[in-house]
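Here is a brief report on a protein model. Please keep the sequence and the 3D view open while reading.

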Amino acid sequence: QVQLVESGGGLVQAGGSLRLSCAAAGSILSIVNMGWYRQGPGEERELVASIISTGDTNYADSVKGRFTISRDNAKKTVYLQMNNLKPEDTAVYYCNGNYYSAHGLVTFGSWGQGTQVTVSS
């Protein structure tokens, strides 16, 4: 069974930092393109950062310059370093994307449990 496990969230004061991890587990040969998403209270889920197989990254304007997405292919893990956190960053953070299995390129079919990030003012 393939799954994504997010971790690293917590409660932090404005201006603080957190590092989120997203580990892919199961019958996965390699992760390919991955993204970090977040869903705040009463809001829709949004993409905040993405990284493709070449290592190129992209960020939402709201987090540009504060968040950094990175990957460790050997560990099949994607990270999100979040600095200078703001109360509006409060949300549940999820990862998703696609991977290579023995059957080819596959999109993760379900979301993980997410990790809660709460930023106090």
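The text below covers the strands, the core and one surface patch.

This is a predicted model, in which local features need pLDDT of at least 70, side-chain atom pairs count only at pLDDT 80 or more, and totals for chains, interfaces and linings use all residues. Residues are numbered from 1 along each chain as its sequence is written, and side-chain values use heavy atoms, without hydrogens and water.

**Strand pairing**

Strands are DSSP runs of E with at least two residues, numbered from the N terminus. Two strands pair if DSSP finds at least two bridges between them. The table lists four antiparallel pairs.

| Strand pair | Bridges | One bridge partner pair |
|---|---|---|
| β1 (residues 3–7) and β3 (residues 18–25) | five bridges | Gln3 and Ala25 |
| β4 and β9 | eight bridges | Ile31 and Tyr99 |
| β9 and β11 | three bridges | Val92 and Gln116 |
| β9 and β10 (residues 104–107) | four bridges | Asn98 and Thr107 |

β9 and β10 form a hairpin, with two residues between them. β9 is largely enclosed by the rest of the structure, because ten of its eleven residues are buried. Buried means under 20% relative accessible area; exposed means over 50%, and partly exposed lies in between (1.4 Å probe, protein chains only).

Strand β1 has two faces. Leu4 and Glu6 make the covered one. Gln3, Val5 and Ser7 make the uncovered one.

**The core**

In soluble globular proteins, nonpolar side chains tend to be buried together. The largest nonpolar core here has 29 residues. Such a core is a set of buried Ala, Val, Leu, Ile, Met, Phe, Trp, Tyr and Cys residues joined through side-chain atoms within 4.5 Å. Met34, Trp36, Ile69, Val78, Leu80, Met82 and Tyr93 have the most contacts inside the core. At least two core residues come from each of β3, β4 (30–39), β5 (46–51), β7 (67–72), β8 (77–82), β9 (91–101) and β11 (115–120).

Take Ile69. Beyond its neighbours within four places in sequence, Ile69 is in contact with residues including Met34, Trp36, Ala49, Tyr59, Val78 and Leu80. Contact means heavy atoms within 4.5 Å.

**A surface patch**

Leu29, Tyr100 and Leu105 make a nonpolar surface patch of about 330 Å². Patch residues have over 30% relative accessible area and no salt bridge, and nonpolar side chains are joined within 5 Å. A salt bridge is a side-chain nitrogen of Lys or Arg within 4 Å of a carboxyl oxygen of Asp or Glu. Areas come from the Shrake-Rupley method with a 1.4 Å probe.

Leu29 sits in the loop between β3 and β4. Leu29 counts as exposed because its relative accessibility is 61%.

Notes. Patches are made of residues with over 30% relative accessible area and no salt bridge: like charges are joined within 9 Å, nonpolar side chains (Val, Leu, Ile, Met, Phe, Trp, Tyr) within 5 Å.
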